[in-house]
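This report describes one protein structure for a reader who is new to the subject. Please look over the sequence and the structure before reading on.

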Amino acid sequence: MHKKISVGLCLTIAIITLVVTAIITTAVTMNIFSGLVSDLPERENMYAGLAEIDSIIRKNYYGTAEEEIANDGISDGYLSSLTTGRNYHMTAAEYAEYKTVQSGKDADGNAVVTVEFQKFNNAGYIKISDFTDMTADEFSKAVTSLRNDGVSGLIIDVRNTDSINISAAAEIVDILVPLATEGTQSIATAVDKNNKNIQIFAADSESSDLPVSVIVNDKTAGAGELLACDIRDFGKGTVVGTTTAGNGTYQQIFELSDGSAVVLTVAKLLPYTSGCYDGTGIIPDYEVQPEGTPSELKDDVQFMRAYASVNTLIK
């Protein structure tokens, strides 16, 4: 049950929480804030505006407000003003759940499976439902199993995946591609607003000789887009489906002292040899619109086109 407090006190607490907790006590968040609102008078004007609203509400508002909701609402409102990339606030409970899922477990401690696979004639079909810190390991085991089953190519399905875990995608790409010697000389590079490389996702010399076709759709965003783009950039295969969402930015998570967290876009993402696809998406090699809701792979027109494509690449 939430504690009831007056609106005036609620706003005062919320402002103190936002300014003191998120800016002063957390050095990382202070740097973020200073970078976004670098002009001191501008910051003072913002606080003055909040104080004016507080004064009006204190004198005139009839009801009460929820303290936790007010705190989270101010954070959400501030982050919603940022128009580049994806920026949002996770409550302490939401962030705890996020970290649990990323570790490969659900709230009850059960394993979260993000990779399912099966053999389809001479090809292996791998469906990725999400990108967590455990997905690359699941993917590697799937590839090994399918290889042992005698497949000659892979079809990777990242339709409807929306994840900011670029590291997970890069690890999967690294399983499939050789050493990066052209372009960015990496699987991906995150470049900040000062044109500084803040994160480089490197590829080692080991790779798979299996050709690949990646299935995408308009809801494929973030990690899945990088995977599809790099498979094509490295000459490992093709992309089939519809143009992706176009989230070509890089996010970092900053934990606050109250246990909540801020997800902030800190850089644009450059794949191996293509330009940044932020706002434009990945345009497939073979544009195929979905037809209905097939229950079997043989009835999925996007899958069947990917299957045909990967077979043209099998040597």
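In which sense do β8 and β14 pair, and over how many bridges? The two strands pair in the antiparallel sense, over four bridges.

## The model as a whole

The model is predicted. Its protein chain has nine helices and 15 strands. Of the 315 residues in the chain, 45% are buried. The chain exposes about 15700 Å², and carbon and sulfur atoms supply 52% of that area.

Contacts can also be sorted by how far apart the two residues are in sequence. Among contacts between residues at least 6 apart, 75% join residues at least 24 apart.

## Strand β8 and its partners

Strand β8 (188-191) pairs with β14 (261-271), and in that pairing V191 stands opposite K268. Strand β8 is also joined to β9 (residues 197-201) by four bridges, and these two strands run antiparallel. Here the bridge partner of T189 is I200, in β9. The hairpin of β8 and β9 has five residues between the strands, and N195 takes a positive phi near 65° in this hairpin.

In a regular strand the side chains alternate between the two faces of the sheet. On one side of β8 are A188 and A190, and on the other are T189 and V191. These four residues are all buried, so both faces of β8 are covered.

## The six-stranded sheet

An open sheet of six strands follows the order β4-β5-β6-β10-β12-β15, with mixed pairing. Its edge strands are β4 and β15 (286-287), each of which pairs on one side only. Strands β4 and β5 run antiparallel and are joined by six bridges. Q118 stands opposite Y125, which lies in β5.

Two helices that pack on this sheet are α6 and α8. Helix α6 touches β4, β5 and β6, and its direction makes about 15° with that of β4. Helix α8 touches β5, β6, β10 and β12 (237-241), and its direction makes about 150° with that of β10.

## The nonpolar cores

The largest nonpolar core holds 45 residues. I126, I128, F131, F139, L154, L227 and L269 touch the most other members. Several elements each supply at least two residues of this core, among them β5, α6 (135-148), β6 (153-157), β10 (212-216) and α8 (223-233). The largest share, seven residues, comes from α7.

How many of the 11 residues of α7 are buried? Eight are, and the helix is mostly covered. The buried residues are I166, A168, A169, A170, I172, V173, D174 and L176.

L154 touches residues from several parts of the sequence, including G124, I126, V143, L176, V212 and V310. A second, separate core has 12 residues, and Y125, I155, I215 and V310 are included in it.

## Two loop residues with positive phi

Most residues other than glycine have a negative phi. N121 has a positive phi of about 55° although it is not a glycine. It is found in the loop between β4 (115-120) and β5 (123-128). N121 is exposed, with a relative accessible area of 53%.

Q185 also has a positive phi of about 55°, and it is not a glycine. This residue is found in the loop between α7 (166-176) and β8. Is Q185 buried or exposed? Its relative accessibility is 55%, so Q185 counts as exposed.

## Cysteines without a disulfide

A disulfide is a covalent bond between the sulfur atoms of two cysteines. How many disulfides does the structure hold? It holds zero.

Why is C276 not bonded to C229? The sulfur of C276 is 9.4 Å from that of C229, its closest cysteine sulfur, and this is too far for a bond. The cut-off for a disulfide is a pair of cysteine sulfur atoms within 2.5 Å. From the side of C229, the nearest cysteine sulfur is that of C276.

The two cysteines can also be described by their exposure. C229 has a relative accessible area of 3%, so it is buried. C276 has a relative accessibility of 30%, so it counts as partly exposed.

Notes. Residues are numbered from 1 along each chain as its sequence is written. This is a predicted model: local features need pLDDT of at least 70, side-chain atom pairs count only at pLDDT 80 or more; totals for chains, interfaces and linings use all residues. Side-chain values use heavy atoms; hydrogens and water are left out. Buried means under 20% relative accessible area, exposed over 50%, partly exposed in between (1.4 Å probe, protein chains only). Contact means heavy atoms within 4.5 Å. Accessible areas come from the Shrake-Rupley method with a 1.4 Å probe; for residues, only the protein chains shown count as cover. A nonpolar core is a set of buried Ala, Val, Leu, Ile, Met, Phe, Trp, Tyr and Cys residues joined through side-chain atoms within 4.5 Å. Two strands pair if DSSP finds at least two bridges between them. Axes are lines fitted to C-alpha atoms, for helices over the stretch in contact, and angles run from 0 to 180 degrees between N-to-C directions. Lists of a residue's contacts leave out its neighbours within four places in sequence.
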